[in-house]
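Please prepare a briefing on the structure shown below, covering the interface between the chains, the confidence of the prediction and the packing of selected helices.

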Amino acid sequence: MQLSDFPCAGGEWLKGDGPESDIVVSSRVRLARNLAGHNFVTRAESRELGEIESEVGGHLREREERFSKLYYRMAELSEVERLVLVERHLISREHASGDTGRAVAVSDDESLSIMINEEDHLRMQVLRSGFRLTEAWKEIDELDDKLSTRFQFAFTPKLGYLTACPTNVGTGMRVSVMLHLPALVLTREIEKVFRAVSKINLAVRGLYGEGTEAYGDFYQISNQQSLGKPEEKYLENVESVVPGVISYERKARQHVLEANRDETEDRLWRAVGMLKSARLLTSQEAMHLLSGLRLGVHIGVLPTLPASKINELFLLTQPAHIQKMIGRTLTPQERDRARATFVREALRSYP
Amino acid sequence: MTEISDNEKREIHLCEDCAHEQGLTLKGQVSLADFLAGLMKAPANKEIAKLAKIKCPVCGINYLEFQQKGRFGCPKDYEVFKKLVEPLLEKVHGSVEHVGKAPIAVGAPDTVRVRLAALRKRLAAAVTDENYELAAELRDEIKKLEDGNRAT
């Protein structure tokens, strides 16, 4: 199986559709599950991990039509190929960093992925474009029910699903939304959002989860607790803060237009100018400029460009995707050059 | 980014590789391991010896090893270290009791009926819990499934 199986575009969250998708890039729900009768991953022998991988992976590939095509064992992938999966939000950085028994099953449309032997034996997630948490939850709930008729999960009525880390025990659920908040960053109001959100036991993280920077003004909001409330309640907790953040960002967008129109227009058009003429672009700079392009298009300062196209630019300019596109490992400088060339080409007829 | 050391402020510019290497994180964010370590106070020497003695018969880890890594070795650890874990769960989750879904039995036929049974169980729990909003949602979902079932 080759990574070139992945279409360059595509990928559920890239579509850029769904409710509030100018701000809510994607909605995600993940469940952590472990198989009863086995040690957790960090304490299991490599033979045991291999057995779990072939049992779970085999079942998914043979019995679940949608997982029959995209299945990858980490040990069989190069570093760049693993990072491609990270950049597509199909696996975690943590998962990409190890070999033994680690694999991932991905559904045809990339909306579902199941990491095998990450921190827990199974980490399954649904990723949807836009603000669609309930839909994402229903889908993962159903898959979980189905798998629980096939595999005996480590579960007690008192503590729920048992996980390697006690911060996930109970429901094993993490609900998150990825938000694009460029105007709150511009107006320096973003810290207020952090403070408000952390007060109600939710976490704010960067683009690629725990411990990553918020490049391109993307922020993830997710629940931190998982024990003591039904799944729907955790879903609701995250769901209920999002409208507030959305309207706050919209107000900030309004403000940068009204209070400082000249400056805002100048800033956003300059971003386009840089993207269309730079000869070297680091991925951080590209994300910063693309964030300006995305904002400019959404507030009508810049001519329209389909949301899917903008999202695609964000993804395809990530380091591993650039290397995948060129077809070999590149030094950082070569990457910056290839990235700039790619972006110039992609925006040749824009605006 | 700006770094302040010895009362001296300096700007440093990092490429993405260096930034990644330095493990830079969002302001005010702590890693999970640090977070857990913070919750679990460092035990006194006397206690260390005592904690090291409590060992899981299945995976073989003792409580000290758990404290260092922040990860359990097997499901049995939750039972073996119960007394030590409960205060931790209380702090992290504000609860020590699961309220939520349960697995369907292994070997159960994977049909709409099984899913309906699971949903009905959760509906009953929601009603007991006086969570009427959730109950209404579940009722709708059950109805939808029942209608779909009849149609086929």
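In this predicted model, 42 residues of chain B are in contact with 47 residues of chain A, two residues being in contact if their C-beta atoms, placed from the backbone, lie within 7 Å. The predictor gives the complex an ipTM of 0.87 and a pTM of 0.84. Because the model is predicted, local features need pLDDT of at least 70 and side-chain atom pairs count only at pLDDT 80 or more, while totals for chains, interfaces and linings use all residues. Residues are numbered from 1 along each chain as its sequence is written, and chains are lettered from A and ligands numbered from 1 in the order in which they are written.

**Interface**

- On the side of chain B that touches chain A, helix 1, helix 6 (82-93) and helix 7 (112-128) of chain B each supply at least two residues; helices (H or I, at least four residues) and strands (E, at least two) are DSSP runs, numbered from the N terminus.
- Helix 6 of chain B provides the largest share of that side, 5 residues.
- The residues of this side of chain B comprise 24 nonpolar, 11 polar and 7 charged, where Ala, Val, Leu, Ile, Met, Phe, Trp, Tyr, Cys and Pro count as nonpolar, Asp, Glu, Lys and Arg as charged, and the others, Gly among them, as polar.

**Confidence in chain B**

- Chain B has an average pLDDT of 75, and 65% of its residues score at least 70; pLDDT is the predictor's confidence in each residue, from 0 to 100.
- Among the elements of chain B, the lowest mean pLDDT (43) belongs to helix 1 (residues 16-21) and the highest (95) to helix 5 (residues 77-80).
- The pLDDT is below 50 over residues 1-29 of chain B, a stretch that has 25 contacts in the model beyond near neighbours in sequence.
- Where pLDDT is low, the predicted coordinates should not be read in detail.

**Helix 2 and helix 11 of chain A**

- The axes of helix 2 (residues 79-87) and helix 11 (residues 319-326) of chain A come within 8 Å and cross at roughly 125°; axes are lines fitted to C-alpha atoms, for helices over the stretch in contact, and angles run from 0 to 180 degrees between N-to-C directions.
- Helix 2 of chain A is therefore oblique to helix 11 of chain A, given that angles under 35 degrees count as roughly parallel, over 145 as roughly antiparallel, 65 to 115 as roughly perpendicular and the rest as oblique.
- The contact joins A:Val80, A:Leu83, A:Val84 and A:Glu87 of helix 2 to A:Pro319, A:Ala320, A:His321, A:Gln323 and A:Lys324 of helix 11 of chain A.

**Surroundings of helix 11 of chain A**

- In helix 11 of chain A, 6 of the 8 residues are buried, that is, 20 or more other C-beta atoms lie within 10 Å of their own (exposed: 12 or fewer; partly exposed: in between; C-beta atoms are placed from the backbone).
- The buried residues of helix 11 pack against helix 2, helix 9 (283-298), helix 10 (307-316) and helix 12 (332-346) of chain A.
- A:Gly327, just after helix 11 of chain A, takes a positive phi of about 95°.

**Helix 4 and helix 7 of chain A**

- The axes of helix 4 (residues 133-148) and helix 7 (residues 231-258) of chain A come within 10 Å and cross at roughly 155°.
- Helix 4 of chain A is therefore roughly antiparallel to helix 7 of chain A.
- A:Leu133, A:Thr134 and A:Trp137 in helix 4 meet A:Glu231, A:Leu235, A:Val238 and A:Glu239 in helix 7 of chain A.
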